[in-house]
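Work through the exercises below with the sequence and the model open. Each task is followed by a solution in steps.

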Amino acid sequence: MECKTARELADDLREGRRDPLDLVAEVYDRIEAYGDDALFIRLTRPRAEAEARAARERLRAGLPASCLDGVPLAWKDLFDLKGTVTTAGSAVLRDAAPAAQDAALARAGMRAGLVSIGTVNMTEFAFSGIGINPHYGTPRNPCDPAVHRSPGGSSSGSGAVVAAGIVPLSIGTDTGGSVRIPAAFNGIVGYKTSTGHHPMAGVFPLSRSFDTLGPLARTVEDCVLADAVLRGLAAPEVAAADAAALDFVVPDAVMLDDLDPGVAQAFEASLARIEASGARLRRIALPELREVIEVGARFGPLGSAESLDIHAERIAGPDAARMDPRVVRRMRMGERMTAVDLIRLHDHRRRLIASAAERLGDAILLCPTTPGTAMPIAPLEADEEVFFHHNFRTLRNTSLGNFLDWCGLSIPNGRDGDGMPTGLLLNARHGRDRAVLAAGLALERTIRG
């Protein structure tokens with residue numbers, strides 16, 4: 001199958017140049033030929049063929065369900081698919097009961113005519129930015145055929161399956177960077193929606209305060225189209241912005257610290273191209289970023305506390321020994337927090353969200369998606385402390401956005417000295433999703449260089 005975008009495939013299907021059932025067969029052939037057993041956790045071929053058959057009938061009748069009718073996609077294995085076990089990347093759920101119904105977003109996908117190929121691998125219980133999974137294997141990053149490098153996490157399979165050209169879309173979740181990091185590491189686009197933008201019903205939770213979801217795709221346009229059809233819209237409500245009307249800011253604190261040379265070079269080059277496009281670009285003070293880190297260090301990690309609430313019985317019982325010890329360790333960080341810590345942490349978060357939103361206004365904040373690029377897996381698996389160092393660093397920029405309740409869009413903006421992709425992250429305050437996507441549509445080619 002050619003590495004076409006979702007829009008290009010949809011055009012082919014609508015014009016009769018491609019058949020949905022033939023396309024499904026090509027996808028499964030490509031999965032087999034790709035040969036990475038760690039990529040998918042479950043394939044749902046009978047469902048995919050039934051959905052493709054229904055799409056064929058609608059398209060032949062000239063009655064497409066949406067502008068992406070018949071386009072194949074994969075789901076992170078946090079989304080319930082009826083009749084399929086949702087493992088959340090964990091061995092302890094391998095033999096759980098199959099889902100009784102689709103997640104709300106999967107139902108929306110079916111209504112839009114999207115064809116569900118299967119569920120892709122992920123970090124166990126979505127708790128890492130690196131993507132290692134000791135139970136189902138760690139997907140290879142397609143950008144380096146010679147060295148097994150991190151695919152990013154926790155939506156590791158979602159990033160790899162799109163970058164490998166197997167499907168044009170995958171739906172992931174993002175609690176601390178889990179859509180944006182795999183997008184950056186694999187050289188594709190990842191869109192983290194604002195909290196509440198899409199329903200989370202039927203999605204296995206990690207942290208209810210931070211959990212969001214979004215598409216990973218080859219282009220910003222595909223993210224816009226996927227977002228629209230999953231919201232039941234007849235057509236996208238986002239168009240490219242006028243570059244001259246865009247207002248970008250670059251923060252003075254935290255997000256530009258400790259960057260790999262290739263990341264720093266790609267970032268500065270992107271800023272120069274954006275300024276040359278006519279957009280406004282300002283450097284601003286944003287003390288809230290440093291304060292988020294200080295508050296977390298003082299009171300504890302909110303994500304750990306909320307994940308511990310979900311997994312308390314598991315962590316206290318024999319299942320803990322069957323889980324990734326790196327995941328268990330992060331969850332148990334919540335055990336040190338008191339009820340007072342949690343209340344004060346939420347109070348500080350509300351204050352910092354409001355303060356940062358007021359300071360940003362309608363501007364879009366630019367930063368590198370990650371301070372470094374995809375690193376080799378072997379050293380991370382061999383030494384837990386090396387893993388935690390890289391995990392914390394990888395999550396730094398993106399997790400600040402989760403704490404401050406921002407939406408974000410990661411766009412590829414270069415390569416480092418090893419040829420690994422870098423990403424530029426567009427951030428905006430909660431609810432400014434349309435503005436972020438419109439800016440991405442306007443400047444994607446500029447950002448990519």
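**Exercise 1.** Describe how H10 and H11 pack, and state which residues make the contact.

Solution. The model is predicted, and the angles and distances here are computed from it.
- Step 1: take the geometry. The axes of H10 and H11 are 8 Å apart, and the packing angle is about 115 degrees.
- Step 2: assign the hand. The crossing of H10 past H11 is left-handed.
- Step 3: list the contact. H10 contributes Ser 304, Ser 307, Leu 308, His 311 and Ile 315, while H11 contributes Val 328, Arg 330, Met 331 and Arg 332.
- Step 4: sort these residues by class. The contact of H10 with H11 has 4 nonpolar, 3 polar and 2 charged residues.

**Exercise 2.** Classify the crossing of H11 and H14 by angle and by hand, then give the makeup of the contact.

Solution.
- Step 1: the axes of H11 and H14 come within 11 Å, crossing at roughly 60 degrees.
- Step 2: roughly perpendicular covers 65 to 115 degrees, and roughly parallel needs an angle under 35 degrees. H11 and H14 are therefore oblique to each other.
- Step 3: H11 passes H14 with a right-handed crossing.
- Step 4: on the H11 side the residues are Pro 325, Arg 326, Arg 329 and Arg 330. They meet Glu 384, Glu 385, Phe 387, Phe 388, Asn 391 and Leu 395 of H14.
- Step 5: by class, the contact of H11 with H14 holds 5 charged, 4 nonpolar and 1 polar residues.

**Exercise 3.** Which helices each supply at least two residues of the lining of the largest pocket, and which gives the most?

Solution.
- Step 1: the largest pocket has a volume of about 900 Å³.
- Step 2: its lining counts 33 residues, of which Pro 301, Arg 330, Phe 392, Leu 395 and Ser 399 are the closest to the centre.
- Step 3: helices that each supply at least two lining residues are H9 (288–299), H10 (302–316), H11 (325–332) and H14 (384–403). H14 gives the most, with 9 residues.
- Step 4: the lining divides into 16 nonpolar, 13 polar and 4 charged residues.
- Step 5: compare with the earlier exercises. Arg 330 belongs to the contact of H10 with H11, and Arg 330 and Leu 395 both take part in the contact of H11 with H14.

**Exercise 4.** Repeat the analysis for H8 and H15.

Solution.
- Step 1: H8 spans residues 261–276 and H15 spans residues 433–448; their axes come within 9 Å and cross at roughly 130 degrees.
- Step 2: this angle makes H8 oblique to H15.
- Step 3: the crossing of H8 and H15 is right-handed.
- Step 4: Ser 270, Arg 273 and Ile 274 of H8 make the contact with Leu 443, Thr 446, Ile 447 and Arg 448 of H15.
- Step 5: the residues of the contact of H8 with H15 are 3 nonpolar, 2 polar and 2 charged.

**Exercise 5.** Locate the cis peptide bond, and find where Phe 125 lies.

Solution.
- Step 1: the cis bond joins Gly 153 and Ser 154, with omega about 5 degrees.
- Step 2: Ser 154 is in the loop between strand S3 (115–120) and helix H5 (156–163).
- Step 3: Phe 125 lies in the loop between S3 and H5. Phi of Phe 125 is near 55 degrees, a positive value in a residue other than glycine.

Conventions: Residues are numbered from 1 along each chain as its sequence is written. This is a predicted model: local features need pLDDT of at least 70, side-chain atom pairs count only at pLDDT 80 or more; totals for chains, interfaces and linings use all residues. Side-chain values use heavy atoms; hydrogens and water are left out. On a 1 Å grid over the protein atoms alone, a cavity is a set of points where a 1.4 Å probe fits but cannot get out, and a pocket is an open set with protein on both sides within 12 Å along at least five of seven lines; lining residues have an atom within 4 Å of a point. Grid points are joined across faces, edges and corners, and a volume is the space filled by probe spheres set on the points. Helices (H or I, at least four residues) and strands (E, at least two) are DSSP runs, numbered from the N terminus. Ala, Val, Leu, Ile, Met, Phe, Trp, Tyr, Cys and Pro count as nonpolar, Asp, Glu, Lys and Arg as charged, and the others, Gly among them, as polar. Axes are lines fitted to C-alpha atoms, for helices over the stretch in contact, and angles run from 0 to 180 degrees between N-to-C directions. Angles under 35 degrees count as roughly parallel, over 145 as roughly antiparallel, 65 to 115 as roughly perpendicular and the rest as oblique. A crossing is left-handed if the near helix is turned anticlockwise from the far one by less than a right angle, and right-handed if clockwise. Contact means heavy atoms within 4.5 Å.
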